[in-house]
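Reader: Could you take me through one part of this model up close? I'd like to hear about the pocket and whatever surrounds it.

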Amino acid sequence: MALLPKKFPAPIAKPLGPFFAAGLVILYGINSAQNALSQTAEYKNDPRNPNQAAAKH
């Protein structure tokens, strides 16, 4: 007796493709906004800024 039932050829990735693409667009936009905001004058000298040089002690 098989452990799993019969497999049905249902497409999964093709109908969900637009949602994956939309997710990538949203992530790209969030990344761009975060990079732009980390370069503003308010956060440029913040020690939590990852773009700041680490050797400033």
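Author: Here's a walk around the pocket, then its charged pair, then the helix. Keep in mind that this is a predicted model.

The largest pocket has a volume of about 200 Å³. Its lining is made up of Gln34, Asn35, Leu37, Ser38, Tyr43, Asp46, Arg48, Asn49, Pro50 and Asn51. Sort those by type and you get 3 nonpolar, 5 polar and 2 charged residues.

Now for the charged ones. Side chains of opposite charge can pair when their charged atoms come close. Aspartate 46 and arginine 48 do just that, forming a salt bridge with the closest N and O atoms 2.9 Å apart. The structure holds 1 salt bridge, so if you're hunting for salt bridges, this pair is your stop. The partners sit in contrasting surroundings: aspartate 46 has a relative accessible area of 15%, and since the cut-off for buried is under 20%, it counts as buried. Arginine 48 comes out at 69%, and because anything over 50% is exposed, that's its label.

Proline 50, another lining residue, lies in the segment after α1. At 72% relative accessible area, proline 50 is exposed too. Proline 50 is 15 residues from asparagine 35 in sequence, and their C-alpha atoms are 9.9 Å apart in space. Both residues help line the pocket.

That leaves the helix. α1 covers residues 13–37, 25 residues in total. At 1.5 Å a residue α1 should span 36 Å, and its end C-alpha atoms are 35 Å apart, so the two values agree. There is still a bend in α1, of about 25 degrees at phenylalanine 19.

Key
Residues are numbered from 1 along each chain as its sequence is written. This is a predicted model: local features need pLDDT of at least 70, side-chain atom pairs count only at pLDDT 80 or more; totals for chains, interfaces and linings use all residues. Side-chain values use heavy atoms; hydrogens and water are left out. Helices (H or I, at least four residues) and strands (E, at least two) are DSSP runs, numbered from the N terminus. The expected span of a helix is 1.5 Å times one less than its number of residues. The bend at a residue is the angle between axes fitted to the seven residues ending there and the seven starting there. A salt bridge is a side-chain nitrogen of Lys or Arg within 4 Å of a carboxyl oxygen of Asp or Glu. Buried means under 20% relative accessible area, exposed over 50%, partly exposed in between (1.4 Å probe, protein chains only). On a 1 Å grid over the protein atoms alone, a cavity is a set of points where a 1.4 Å probe fits but cannot get out, and a pocket is an open set with protein on both sides within 12 Å along at least five of seven lines; lining residues have an atom within 4 Å of a point. Grid points are joined across faces, edges and corners, and a volume is the space filled by probe spheres set on the points. Ala, Val, Leu, Ile, Met, Phe, Trp, Tyr, Cys and Pro count as nonpolar, Asp, Glu, Lys and Arg as charged, and the others, Gly among them, as polar.
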